[in-house]
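Here is a structure to read with its definitions at hand. The exchange below asks what justifies each label.

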Amino acid sequence: MFHYFFIFHTKILLVLFLSGFFMGKLRQKSWKNISGKTGSFLLIDILNLIGTPIHELSHLIPALVFGYHIDDVCLYRTRKTAARYGGILGYVKMHHNGTSPLRKFQKNIGLFFIGTGPLFLPPVFLFLLGCILPETVTRLPSAFREGADSFLKALQQLDSTDIIVMFAYLYVIIGVSMNMELSRQDLHMTLRGLLLLELFLLNLSAAAYFTGWNLDIFIDILFQWNLMVCMVGIIAGLFLHLLSLISS
């Protein structure tokens, strides 16, 4: 009965939370090491140009879905500008009206999805963006799994436009994945709505058990995609951290 309850926690939530925590620590240490170096602000801004707006939209979209009123939004600041505001690159200010039990439930469950939005929505964004890529580019991951020969043949079929698209998409993946960590305020919101999410997952697991739903394929697809996005972010974070150590 608790099969899906446990695998959702181990394959989805655990992977996203641990990866987000690790990527956040790598990025913070890297920023600290290179903060005083010439051109460091430009490098940071290039990496945050896509990732920071997606991070803030991942808060904004769930807030709108769960009926929050948006007071103010800042999707992006350059690192130099953010330094004058406590290092905050972007923010979403909101509030929730209503005192009825239904409105309170909506507010509390919304807190979890608003807080964890940067973990869940960026992989969805990257997946949807990947759906509009040329077929020659989208075939590369499967060709890589088939072996070196298949991957080299797939690379040879790329024209100049495909190569530009491939590197642009890789840049988007790196920028987005490196901004998937949760801030202290995000974690605070997440914890307030976590109990309600646990109850939802428990009910979902029970419903799947009694109705015979098979959610294994759906969960495996989510797991593989999230793992790929997180691994790209971790590798990019390790590379950036290595560069920051060399430069310091």
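Q: Why is Cys131 called exposed?
A: In this predicted model, Cys131 has a relative accessibility of 51%; the classes are buried under 20% relative accessible area, exposed over 50% and partly exposed in between, with a 1.4 Å probe and protein chains only, so Cys131 counts as exposed.

Q: What makes Cys74 buried or exposed?
A: The relative accessible area of Cys74 is 13%, and because this falls under the 20% limit, Cys74 is buried.

Q: How many disulfides are there, and by what rule?
A: A disulfide is taken to be a pair of cysteine sulfur atoms within 2.5 Å, and by this rule the count is 0.

Q: On what terms should these values be read?
A: Residues are numbered from 1 along each chain as its sequence is written, and side-chain values use heavy atoms, with hydrogens and water left out. Because the model is predicted, local features need pLDDT of at least 70 and side-chain atom pairs count only at pLDDT 80 or more, whereas totals for chains, interfaces and linings use all residues.

Q: Why is the aromatic pair of Phe66 and Phe113 called stacked?
A: A search of the whole structure finds 2 aromatic pairs. In the pair of Phe66 and Phe113 the ring centres are 5.6 Å apart and the planes differ by 10°; rings of Phe, Tyr and Trp (its six-membered ring) pair if their centres lie within 6.5 Å, and planes under 30 degrees apart count as stacked, over 60 as edge-to-face and the rest as tilted, so this pair is stacked.

Q: Which parts of the chain does the pair of Phe66 and Phe113 link?
A: Phe66 is in the loop between helix H2 (40-65) and strand S1 (69-74), while Phe113, 47 residues apart from it, is in helix H4 (residues 101-131); helices (H or I, at least four residues) and strands (E, at least two) are DSSP runs numbered from the N terminus.

Q: What makes the pair of Phe112 and Phe113 edge-to-face?
A: Their centres are 5.4 Å apart and their planes meet at 90°, which is over the limit of 60 degrees, so the label edge-to-face applies. Ring pairs thus link Phe66, Phe112 and Phe113 into a cluster.

Q: How do you know which rings of the cluster are buried or partly exposed?
A: Phe112, at 1% relative accessibility, counts as buried, and Phe66, at 18%, is buried too, whereas Phe113, at 29%, counts as partly exposed.
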